[in-house]
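The exercises below are to be worked through with the sequence and the model side by side. Each one sets a task and then gives a stepwise solution.

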Amino acid sequence: MEVLLPKLPSFKFSSPICCCSISTRSSSYVKFGFRRFSSLSVCASTANEAVAEPSLGSPSLGHTTRPHFPILHQEVNGSKLVYLDNAATSQKPTVVLKTLQSYYEAYNSNVHRGIHFLSAKATDQYEAARRKVASFINASDSSEIVFTRNATEAINLVAYSWGLSNLKRDDEIILTVAEHHSAIVPWQLLAQKVGAVLKFVNLNQYEIPDMDKLKELLSRKTKLVVVHHVSNVLASVLPVRDIANWAHDVGAKVLVDACQSVPHMTVDVHSLNVDFLVASSHKMCGPTGVGFLYGKIDLLSSMPPFLGGGEMISDVFLDHSTYAEPPSRFEAGTPAIGEAIGLGAAIDYLSGIGMQTIHDYEVELGRYLYERLLSIPNIRIYGPAPSEKIKRAALCSFNVENIHATDLATFLDQQHGVAIRSGHHCTQPLHRYLGVNASARASLYFYNTKEDVDNFIQALNDTVNFFSSFK
């Protein structure tokens, strides 16, 4: 969990001091912190007072899908919202919102336990959502899909079920320094319990996890490789199929954090040949509170339960219990029924657009974001530069010299209505490796447009000018 930084001090100006459009608002106080600014006589830029209109010609994917997302059509702090925090969570189309409403209004009931109409319908829709997830990632069968609260819980499930049963002292787990905390901390806890050893792969000269080093670390002691598919900071894409082949050659299993790939590209677990894969609904146009674990069925069938209670049992006696087959074995208690059904609706929506269509559009839009950011003075963008061989994901983490990332993000929000992320993005080890304690991050999704990027860049320029004026 990231901790909000303390509020910065207030500044008082006797006159406007920055090179930007000036409004007629009367107050001369600028208060920085996690609240709205007071009305401001300085730097009230017109950069985002009206979101730019699309250019003539065929509308982009962003322009055609944007009307499906009601939340995007609002003002924030007096400016049109420009939402560029999609790596943290995505927005939800109307069809998903209506699906949730329909569940709670029309057939709200528990699943798998009732014979009445509402329960039967809820069960059908819940299991239909599981089949949709399986099809979406090309799992062999829906029994290989376990619904969890989120990707973090899915990783913990593997750690405490498969890990405790299969790892012992001196066994090795290989990760990269660019992993999300949720892909590091569970294995640290497990290693403390069983005496396993964690080994980390650093970055190469392109600021991508070094695959040559990963291959060097693999040995018969390696029992598990834990890697992201797409980095939520570096925007780099790892060769997961190759990693799986290398790992399997030494008898190791592979767990992939696909939170930043499943929403943005075609992910085929059969082709990748990974053993476990996790993702979260809320990053792929679905509700919060639900995610999923994919696991090869032979592995899931060999794993003991993660949680005990209702639904995950076969028979319960006073002195022992027997357990259901996967996936029920790992879904103790009442699940997030409406949320899972909502995830199914999100998958239908994404599939209707086409994941290759989404990916192709985002590659172009992401390159445009990267190139526009290069126009900002004294900026440092993390991760590889895009090229014919290197395809970045549609996000950029960056810092501007002598301006804290949180100051940038706060000013962008409160003066321009631009939503980006600041902090360590749950990757403190990576930020330490890069020599910084925080970065700003702008992350795109298919409903964003080049006009969003242009408005962001103009607002960022105004923000940098404002802070530079204090030098």
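**Exercise 1. Describe the seven-stranded sheet and what packs on it.**

Solution. Begin with the strand order: seven strands form an open sheet, S6-S12-S11-S10-S9-S7-S8, and their pairing is mixed. Strands are DSSP runs of E with at least two residues, helices are runs of H or I with at least four, both numbered from the N terminus, and two strands pair if DSSP finds at least two bridges between them. Next, locate the edges, which are strand S6 (145–148) and strand S8 (197–201), each pairing on one side only. From one strand to the next, the twist averages 20°. At the S6 edge, four bridges join S6 to strand S12 (residues 291–295), and the two run antiparallel; within this pair, Val146 has Leu293 as its bridge partner.

Then turn to the helices. Helix H5 (residues 185–194) packs on the sheet and touches S7, S8, S9 and S10, its direction making about 145° with that of S8. Helix H7 (residues 240–249) lies across S9 and S10 and runs at about 155° to S10. Contact here means heavy atoms within 4.5 Å, while axes are lines fitted to C-alpha atoms, for helices over the stretch in contact, with angles from 0 to 180 degrees between N-to-C directions.

**Exercise 2. Work out the order and pairing of the four-stranded sheet.**

Solution. The order in this open sheet is S15-S16-S19-S18, with antiparallel pairing. Strand S15 (379–381) and strand S18 (421–423) are the edge strands, and the twist averages 30° from one strand to the next. Between S16 (residues 395–400) and S19 (residues 439–443) there are four bridges, and Ser397 stands opposite Arg441 in S19.

**Exercise 3. Which peptide bond joins Pro326 and Pro327, cis or trans?**

Solution. The bond is cis, with omega of about 5°. Pro327 lies in the loop between strand S14 (321–323) and helix H10 (337–353).

**Exercise 4. Judge how far the model can be read.**

Solution. This is a predicted model, in which local features need pLDDT of at least 70 and side-chain atom pairs count only at pLDDT 80 or more, whereas totals for chains, interfaces and linings use all residues. Residues are numbered from 1 along each chain as its sequence is written, and side-chain values use heavy atoms, with hydrogens and water left out. The mean pLDDT (the predictor's confidence in each residue, from 0 to 100) of the protein chain is 89, and 88% of its residues reach 70 or more. Over residues 1–55, however, pLDDT stays under 50.
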